[in-house]
Amino acid sequence: AIITRLLRHISLREEKEEKEEEEEEEALPFLVLSYAQSLDGSIAAEIGSPTSLSSPTSFEMTHAIRASVGAILVGVQTVIADSPSLSVRLVKGPNPRPIIFDTHLHTPLSSRFLGRERQPIILCCSPSSSTAHSSPSNSFPVPHALSHFECDSIAIEEFEGRKRKLEEAGAVVVLCKRSSAGRVDLKTSLQTVRSRF
């Protein structure tokens with residue numbers, strides 16, 4: 001009887017875990033990956049430089065995909081390097097909502113997708129002492145003579161200023177969980193997008 005109860009308990013626990021995993025998967029949006037690369041596996045000739053790798057037919061297919069989805073997701077480096085409009089132009093159909101992965105809020109105010117009828121969503125993380133001192137490429141450079149508290153205050157003040165300006169330009173800025181790599185956490189941010197928008 002004890003073994004039967006134990007097996008039943010294990011079975012119920014496994015069923016509960018499977019149900020939780022299914023619910024978690026259902027909370028994620030369906031994603032379509034569309035990209036172009038050269039024969040040697042590159043997606044650009046130079047880092048930070050836009051390069052056309054697609055044919056007219058594949059460009060049209062890309063715009064057909066855009067017209068069939070609710071949102072288009074890109075990283076901030078694509079925004080900075082290519083200045084994309086993230087709209088549908090080569091086929092008839094609605095523009096997808098732009099979603100930008102931008103941990104440190106580098107999205108330029110001159111971005112062509114700002115000010116559209118479908119507000120872009122910018123997924124970012126709030127600054128912390130670990131990001132304020134991390135690397136020279138960080139968006140919050142601060143003098144070394146300042147204390148950690150002062151560095152964090154400057155970083156937070158600059159971050160809040162950027163956030164306010166992007167929101168005034170029509171973006172929805174969403175603070176997300178930080179991954180172990182220090183970037184916007186992919187899974188939880190996509191769950192947030194699915195549940196809120």
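**Exercise 1. Over which residues does pLDDT stay under 50, and how many contacts does the model have for them?**

Solution. The stretch is residues 129–151, where pLDDT (the predictor's confidence in each residue, from 0 to 100) stays under 50, and for which the model has 29 contacts (heavy atoms within 4.5 Å) beyond four places in sequence. Where pLDDT is low, the predicted coordinates should not be read in detail. For the protein, the mean pLDDT is 79, and 74% of the residues reach 70 or more.

This is a predicted model, in which local features need pLDDT of at least 70 and side-chain atom pairs count only at pLDDT 80 or more, while totals for chains, interfaces and linings use all residues. Residues are numbered from 1 along each chain as its sequence is written, and side-chain values use heavy atoms, with hydrogens and water left out.

**Exercise 2. Work out which residues of helix 6 are buried and where they lie around the axis.**

Solution. Helices (H or I, at least four residues) and strands (E, at least two) are DSSP runs, numbered from the N terminus. Buried means under 20% relative accessible area, exposed over 50%, and partly exposed in between, with a 1.4 Å probe and protein chains only. In helix 6, the buried residues are Ser189, Leu190 and Val193. Seen down the axis of helix 6, these buried residues fall within an arc of 100° (taken from the directions from the helix axis to the C-beta atoms), so they line one face of the helix. The face turned away from the buried side of helix 6 carries the exposed residues Ser195 and Arg196. What covers the buried residues includes strand 1, strand 2 (97–101) and strand 3 (121–124).

**Exercise 3. Find what surrounds aspartate 185 and which side chain of opposite charge is nearest.**

Solution. Begin with the location: aspartate 185 is found in the loop between strand 4 (172–175) and helix 6 (186–196). Not counting residues up to four places away in sequence, aspartate 185 touches Lys177, Arg178 and Ser179. For charge, Lys and Arg count as positive and Asp and Glu as negative, whereas His and the chain ends are not counted. A salt bridge is a side-chain nitrogen of Lys or Arg within 4 Å of a carboxyl oxygen of Asp or Glu. Aspartate 185 is buried yet has no salt bridge, and the nearest side chain of opposite charge, lysine 177, is 5.1 Å away.

**Exercise 4. Is phenylalanine 113 buried or exposed?**

Solution. Phenylalanine 113, in the loop between strand 2 and strand 3, is buried, with a relative accessible area of 0%. Leaving aside neighbours within four places in sequence, the contacts of phenylalanine 113 include Val79, Pro84 and Ile100.
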